[in-house]
Amino acid sequence: MSERDHGTFFTTHRINDVENRVIPMRNGLCSQKYKPVDYKHLYKLAAVEKMASAKIQLKIKKTEQASKFNKEQMLLKQHRQVWWQEHKRLSENRQKAEAEIKTFLDEESHKHNFFLDMRDFDHKLSKERDTYQTNTVVPIWQLKENLKFRLSEMQHYLSEESCLKSWISPVEMLQQIKFVKKQQKAILEFLILESLALERELEDYKKKALAYSFEEKNGLFLEVPSALLSLECPCPDLKTLVINEYQKLASGYWSKLQEIEQQLKVLYRNIEWKEEDQWVFQTVINQYPSDLQRRRTLYLDVLQRYLPHKSRHDLVVHEKAWDRYHFIRNQRRVLILNWAQARKAFLLKAVATVAEASAAHETEVVLANTRQKQQEVCADLKAKVLQWKAQQEEAAKLEAAVAARRKEKEDEKERLQKEQEMIRRAQEKEKVKKYWAEKQLKWQEQEEKDLQRLEELRKLMAEQAVKDKERVKFRQALLEKRLLEKKHLALKEAHEEKEKEKCLEALRQQVAVVAKLDPARVVADTVASKARMGIGTNEEFDLQKPLFQLHTYSEQQIISDPRLRVELALREAGLHKTLYAKEILPKIPPLKLPRRDMESTAFKM
């Protein structure tokens, strides 16, 4: 144990001694016991703290719920704005379409009987709708108003039970409600069946229309236009070449269209959603305009509400597939527009070429002797056709290259997004691994420090134990030595006392005085009785004079000690048993440092 440890040890014992002096002074000069601990009060304080903690947790939960509710309300507010705009747009479109249909039927009904029948059918549907509303909706509203009136009457006349029983029958009211429910259920079942039949009929018409449109499309691409067939070309080979070029051009566009149609079919086949879910998905996305802020967040939130059986991952995957489907459909539309422009340009070019050929043939008829020139013109026309063919092929190649580059760009964009996502995930994983490695290293370093500190404490405790044993042995030997010395001293004093007593007795015998008889002294006052009666004394008796003179510390001296004041402050704060208090108290010096001769030399010998 070092000198610093000696100071800490003895300072701690001196502080404990000060505590032992202070506590009786707090409780009173005559009290020698500690105050008992009030455990009930401590339990109440703990209960109050627990209650405060529970209230804080409740406030935190309420704050989280309020934040979630506010966020939900904000989303619903944005949804309502979009829905209101969509409702307004659809209402305007509906009114516009109905007005256009009505105007068209009124104008065309005088010309064709079909449109007259359509107008009559419209009037018939309007009458049936009014009849349905009169027979079903109006009775429900009447029943609702009647029930409200009866409930208000029952609440008003609640105390008059006899009067109520006479004209209000709950059984009759329940039977009436059940009858209306049964009637409405039958009507709704009939309407559902009728709507399903109409949907099946419309689906059949849709399939037929699609089949007709496919046949028309096939004829539009592969069938030779009548304008080419009706051309009057003096050169049959030129006409055959023009028709063949048109068929090649049409077959090229047709193959591209077939490829796009195949891609659309594959994409549509890979979508495993139901038609109803697809319709909901498409309708919700179309409701939100493309220039709306946070558009994707809003329509994904609505889709999660309308399609709770679909996860967010399914929605995102379907969204990508749907974007791909629309991109290919746009390619298809662009291809059809390009084909229409190319077909129109080909027809104009073919007509111009045939016109040139006709003019050349007329020139040949007029100038029969210029056969060579006609051959040159034909060769020139053929070269022009070949040149135009090459130009068309080059244009088709360029269009194919542009489409391929677009597709490659889209694929590259998707690949970059995937790579960025993988890199981000890898970075996050690396950060997590690095964080755990650093944490593990810190734990290991802390454990090594704790083990090292434990080993040092064990060594210090072992050294302290050895020194304590040496100190005990030293004190025991010192005590035995003192006891022997006291014993020898007591024997010596007893012997000397005996010798002294013998000398005094001898001296007493030598100077012995024989007292004379004095009866007056027996009855006279003694010095003690005179002092009790105040005879011969001038000093006043001090009742407040202490019985004994005390040589110790005063209260002011004890309180002025900084060690005691710091300890009292820590005790009032409840920190007197912490490691901080144990570390700081031994380091506080007293007002007056102890003398050097008061320092212990037990372990310095």
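This text describes a nonpolar patch on the surface and the cavities inside the protein.

The model is predicted, so local features need pLDDT of at least 70 and side-chain atom pairs count only at pLDDT 80 or more, while totals for chains, interfaces and linings use all residues. Residues are numbered from 1 along each chain as its sequence is written, and side-chain values use heavy atoms, with hydrogens and water left out.

On the surface, Tyr-132, Leu-188, Phe-190, Leu-191, Ile-192, Leu-193 and Leu-196 make a nonpolar patch of about 660 Å², where nonpolar patch members are Val, Leu, Ile, Met, Phe, Trp or Tyr with over 30% relative accessible area and no salt bridge, their side chains joined within 5 Å. Helix H5 (residues 170-222) gives the largest share of this patch, six residues; helices are DSSP runs of H or I with at least four residues, numbered from the N terminus. Phe-190 lies in helix H5, and it counts as exposed because its relative accessibility is 54%, exposed being over 50% with a 1.4 Å probe and protein chains only.

Turning to the interior, there are four cavities of 30 Å³ or more, a cavity being a set of points on a 1 Å grid where a 1.4 Å probe fits but cannot get out. The largest cavity has a volume of about 90 Å³, and its lining, meaning residues with an atom within 4 Å of a point, includes Val-242, Phe-346, Lys-384 and Trp-388. Helix H7 (236-270), helix H10 (312-366) and helix H11 (371-510) each give two or more residues to this lining, with the largest share, four residues, coming from H10.

Definitions and conventions:
Patch = residues over 30% accessible without salt bridge, like charges linked within 9 Å, V, L, I, M, F, W, Y side chains within 5 Å. Areas by Shrake-Rupley, 256 points an atom, 1.4 Å probe, with all protein chains shown as cover. Salt bridge = Lys/Arg side-chain N within 4 Å of Asp/Glu carboxyl O. Buried < 20%, exposed > 50% of the residue type's maximum accessible area, 1.4 Å probe, protein only. 1 Å grid on protein atoms, 1.4 Å probe; cavity = no way out; pocket = protein on both sides within 12 Å on 5 of 7 lines; lining within 4 Å. Points joined across faces, edges and corners; volume = space filled by probe spheres on them.
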